[in-house]
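Here is a short guided tour for you to follow with the model open beside you. Take a look first, then read on.

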Protein chains: 2
Amino acid sequence: MYERKIPEDLDCGINITMKVLSGKWKPCIIDSIHKGVRRPVEIHAAIPAAAPRVINMQLRELEEFGIVTKKVFPDSVPLKVEYYLTPIGESVMPVIRAIERWGDENKEYVITTSATMESAGK
Amino acid sequence: MYERKIPEDLDCGINITMKVLSGKWKPCIIDSIHKGVRRPVEIHAAIPAAAPRVINMQLRELEEFGIVTKKVFPDSVPLKVEYYLTPIGESVMPVIRAIERWGDENKEYVITTSATMESAGK
DNA sequence: CGGCATCCGGCAAGATACTG
DNA sequence: CAGTATCTTGCCGGATGCCG
């Protein structure tokens, strides 16, 4: 899913969703915000593997799609920013949950299969 | 989702699923096979935007992950091949359906938002 | 802390041509 | 029809550095 930009492909619902969720960390970011992680630095702490710049980029894209909203506290020092899910963002949660659930349920299988693939592919 | 290869990131269920579904057309391919589209040429016809080579690549990856199985009819002329979902592949369908449903329900919104983004971004 | 600007490498995916 | 080999390219994402 993370992946590559989705082409303007048709009326397929799958591609519509992909267009919005495409981006290596978007599902994770959405999930984090949904869990109450609001500040960029906290999101980065929650997803250490993602570079801050990338998180910012994907947050902006999500914001443009109306999935998240940004709240700035101009008078706060240091500067404080918070992100929230919009109603539309909330409506994506079932998708995120489905993705998360399958991953949790098949974790062992995927990990062992990946390991087999690597040793064989080499 | 179609996206980029997912890093070996942890125990997060989301990334586990992403590791399997990452690939521009994988969800579409899985959905097609689930609907009874079995032969490569038919899958290609169902997803014209995807190049045959890419479809083959992603089919092979899905096969390595045990999501699909390949059946070859050696004596058939022209050569005939069919793909089927494995039980594990079937278990992914709820994820695909969730993705598809959200896309269908928010098609209008996403399309108009995309259009706005493009004209503004220019 | 939040977040641009810049440079760069990797790799998925597109295009084309060919074999069985 | 199914699948491979080769070459090219687009562009996402990683790394650094700087500014408010």
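## Cysteines that stay apart

Let's start with B:Cys28: its sulfur sits 4.1 Å from the closest cysteine sulfur, that of A:Cys12, which is too far for a bond. A disulfide here means a pair of cysteine sulfur atoms within 2.5 Å. B:Cys28 is also buried, at 7% relative accessibility. Buried stands for under 20% relative accessible area, exposed for over 50%, and partly exposed for what falls in between, using a 1.4 Å probe and protein chains only.

Now for B:Cys12. The closest cysteine sulfur to its own is in A:Cys28, 4.1 Å away, so that pair is too far apart for a bond as well. B:Cys12 has 19% relative accessibility and counts as buried. Search the whole structure and you get 0 disulfides over all chains.

## What you're looking at

This is a predicted model, where local features need pLDDT of at least 70 and side-chain atom pairs count only at pLDDT 80 or more, while totals for chains, interfaces and linings use all residues. Residues are numbered from 1 along each chain as its sequence is written, chains are lettered from A and ligands numbered from 1 in the order in which they are written, and side-chain values use heavy atoms, with hydrogens and water left out.

## DNA strand C

There are 20 residues around DNA strand C, and A:Val41, A:Lys70, B:Lys24, B:Arg53 and B:Gln58 come nearest. To be near a strand, a residue needs a heavy atom within 4 Å of it. By class, this surface has 8 nonpolar, 3 polar and 9 charged residues. Nonpolar covers Ala, Val, Leu, Ile, Met, Phe, Trp, Tyr, Cys and Pro; charged covers Asp, Glu, Lys and Arg; the others, Gly among them, are polar.

Which parts of the DNA are within 4 Å of the protein? For strand C, 65% of those atoms belong to sugar or phosphate and the rest to bases. Phosphate oxygens of this strand lie 2.5 Å from a backbone N or O atom of B:Lys24, 2.8 Å from a polar side-chain atom of B:Gln58 and 3.0 Å from one of A:Arg60. Those are polar contacts, meaning pairs of N or O atoms within 3.5 Å; within protein, one must be able to donate a hydrogen and the other to accept it, and residues adjacent in sequence count only if both atoms are side-chain atoms.

## DNA strand D

DNA strand D has 20 residues around it, with A:Lys24, A:Arg53, B:Val41, B:Arg60 and B:Lys70 the closest. Of its atoms within 4 Å of the protein, 62% are sugar or phosphate, and the rest belong to bases.

A:Arg53 places a polar side-chain atom 2.7 Å from a base nitrogen of strand D. The side chain of A:Gln58 has an N or O atom 3.0 Å from a phosphate oxygen, and B:Arg39 has a side-chain N or O atom 3.4 Å from a sugar or linking oxygen.

## A serine in a helix

Where is B:Ser114? You'll find B:Ser114 in helix α6 (residues 107-121) of chain B; helices are DSSP runs of H or I with at least four residues, strands are runs of E with at least two, and both are numbered from the N terminus. B:Ser114 is buried, with a relative accessible area of 7%. A polar atom of its side chain lies 2.7 Å from the backbone oxygen of B:Val110.
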